[in-house]
Amino acid sequence: MTDKPHDYCGIFGVYNHPEAAVLTYYGLHALQHRGQESAGIVTTYYDINKGRYVMPMHKDFGLVLSVFDDSKIFKKELIGRSAIGHNRYSTSGSSKNPANIQPFRVHYRNGNLAIGHNGNLTNARQLRERFRDEGVLFQSTSDTELILHLISHSKKETVVDQVLDALNQIEGAYCLMILTDEQLIAVRDPNGFRPLALGMIDDSYTIASETCAFDIIGAEYIRDVEPGEIVIIDREADINQKPKSHFLKPKEGTAPSQCIFEYVYFSRPDSRIFGENVDKIRRNLGKHLAKEHPLNEIIKYNSEDKRPIVISVPDSSNTAAIGYAHESKKAGYDCKYDIGLIRNHYVGRTFISPGQKSREQKVRTKFNPVRGVLEGRSVIIVDDSIVRGTTSRHLVDMIREANPLEVHFLVSSPPITHPCFYGMDFPDPDELIANKFDGNTEAIAREIGVDSLRYLSANGLVSAVKEANNSHHNYCTACFTGDYPVPVNFGVEKEENEIV
């Protein structure tokens, strides 16, 4: 609806806590922005009557609040002191197939096993063909199921060794949360595409895609899970207060390449990912945007009594807009950051209007301009990205109705020109507005109805991130540059394994 790249998934886990399922529920609620198609929680406990471990599970389509809308789920169903949870946005496997809702849970020769996955496997097609030739029956069309088959087919003895064996056969972007009868295992791929953090609450370890999930439950952030790290949390870790770690070696010729779009758009601004606060990074993106595109080179008209205003497209570009306005004023350009668009937070992604079903109507349902702020002023709109440009056009039309003096559009990232194969869901390359107009910013500006359009350069983006986060790891910029750090299978369709 907002014409943005869609996110992948959010994962959360907690080990040996009396309120494991409830904490996971709140963690998933904080990670709701990472996936809104479905949600699920799996717990584990030893059933005395059955004389074995069992893994209760509850999952369904919808938001966390609707999937877990009955308190009895936590009191009578999701029993146990350890749990993992998953919010899904589908990048592999149909979003309409209930078999694809995670976490996945299986029973095999070593007991029970559940898994939640954030990311995409780039060698999924080869693995699926191999298993198909071996006569394996698939229950889902998600690439996550392939990891379960790799674990169950391993000839190794222990669960940890089986997991290690499986991980050495997969490629691509993945953060995994694996729950066994007695362990919580967290994995981050050797390239570190996706964020994953380790925390602690009441002397119990917890792991989440973003630290905002720790904040909601009052957990303490300890550190990031390192690229290629496999964290084993079990009773020994509880006693020694230090989980064991194994490390996967990156593929030859590759190195850690964290997804830079996490900083641009995906992660919540109150999260700490890749070792730094997202809010700090986004302000720095706005700062570099102001350096590359000074206000005096943009504004054509000057109102004697009204300063130019800088507005954001709420909420993901709020701090980048603040950074741009602050740096512009620091450089001596008189401007003001203001609230020019109001967002209706009660409109979900699945909103369907009863009458007019056009994208324009949906945009008007979600955003509304503040006419008194915009009228008679030079308006600088700061947004984090433009994908197809359709939503941008409707927003600009709405702003024009408020009679501004002029309207300019600044983007705190470079033009998106290439698809992502590591867990982001983009439109086809031909649908990307930057490709449609062959990178001609003047033509794109005319298409979305603004007086001018300017992007942050690819070098400016990387410089802004590295300036604010002195990390020794590099970043993946494939969606802007086409430079893919891990080999990919071009032409793989999201729903290519569906049979109906």
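Q: Buried means under 20% relative accessible area, exposed over 50%, and partly exposed in between (1.4 Å probe, protein chains only). Is Val373 buried or exposed?

A: This is a predicted model, in which local features need pLDDT of at least 70 and side-chain atom pairs count only at pLDDT 80 or more, while totals for chains, interfaces and linings use all residues. Residues are numbered from 1 along each chain as its sequence is written, and side-chain values use heavy atoms, with hydrogens and water left out. Val373 sits in helix H13 (residues 371-374); helices (H or I, at least four residues) and strands (E, at least two) are DSSP runs, numbered from the N terminus. With a relative accessible area of 14%, Val373 is buried.

Q: Which residues is Val373 in contact with, leaving aside its neighbours within four places in sequence?

A: Contact here means heavy atoms within 4.5 Å. Closeness in sequence can mislead a little: Val373 and Glu360 are 13 residues apart in sequence and 22 Å apart in space, C-alpha to C-alpha. Beyond four places in sequence, the contacts of Val373 are Ile309, Asp338, Ile339 and Gly340.

Q: Which are the edge strands of the open sheet with parallel pairing?

A: Two strands pair if DSSP finds at least two bridges between them. This open sheet has 5 strands in the order S19-S18-S22-S23-S24. Each edge strand pairs on one side only, and the two are strand S19 (336-337) and strand S24 (452-455).

Q: Which residue in S24 is the bridge partner of His408?

A: Let's follow the pairing at the S24 end. Strand S23 (residues 406-411) runs parallel to S24, and 4 bridges join them. The partner of His408 in S24 is Ser452.

Q: At about what angle does helix H16 run to S24?

A: Axes are lines fitted to C-alpha atoms, for helices over the stretch in contact, and angles run from 0 to 180 degrees between N-to-C directions. Helix H14 (residues 390-400) lies across strand S18 (309-312), strand S22 (378-383) and S23, at about 150 degrees to S23. Helix H16 (residues 441-448) lies across S23 and S24, and its angle to S24 is about 125 degrees.

Q: How many degrees does the twist average from one strand to the next in the open sheet of 6 strands?

A: The strand order is S6-S7-S8-S9-S13-S14, with antiparallel pairing. Strand S6 (104-108) and strand S14 (244-247) are the edge strands, each pairing on one side only. From one strand to the next, the twist averages 20 degrees.

Q: Which residue in S8 does Ile115 stand opposite?

A: Strand S7 (residues 111-121) and strand S8 (residues 172-180) run antiparallel, joined by 9 bridges. Opposite Ile115, in S8, stands Ile178.

Q: About how many degrees does the direction of helix H6 make with that of S8?

A: Helix H6 (residues 159-167) packs on the sheet, touching S6, S7, S8, strand S9 (184-188), strand S13 (229-233) and S14. Its direction makes with that of S8 an angle of about 165 degrees.

Q: Why is H6 largely enclosed by the rest of the structure?

A: The buried residues of H6 are Val159, Val160, Gln162, Val163, Leu164, Ala166 and Leu167. H6 is largely enclosed because the count of buried residues is 7 of the 9.

Q: Which residue in S11 is the bridge partner of Met200?

A: Strand S11 (residues 204-208) is mostly covered, with 5 of its 5 residues buried. Ser204, Thr206 and Ala208 point one way from S11, while Tyr205 and Ile207 point the other way. Strand S10 (residues 197-201) pairs with S11 in the antiparallel sense over 5 bridges. Within S11, the partner of Met200 is Tyr205.

Q: Which residue in S11 does Gly13 stand opposite?

A: Strand S1 (residues 9-14) runs antiparallel to S11, and 3 bridges join them. Gly13 stands opposite Ile207.

Q: Which residues line the second largest cavity?

A: On a 1 Å grid over the protein atoms alone, a cavity is a set of points where a 1.4 Å probe fits but cannot get out, and lining residues have an atom within 4 Å of a point. Grid points are joined across faces, edges and corners, and a volume is the space filled by probe spheres set on the points. The count comes to 3 cavities of 30 Å³ or more, and the second largest has a volume of about 50 Å³. Its lining consists of Arg194, Cys259, Cys420, Tyr422, Met424, Cys476, Ala478 and Cys479.

Technical notes:
On a 1 Å grid over the protein atoms alone, a cavity is a set of points where a 1.4 Å probe fits but cannot get out, and a pocket is an open set with protein on both sides within 12 Å along at least five of seven lines; lining residues have an atom within 4 Å of a point.
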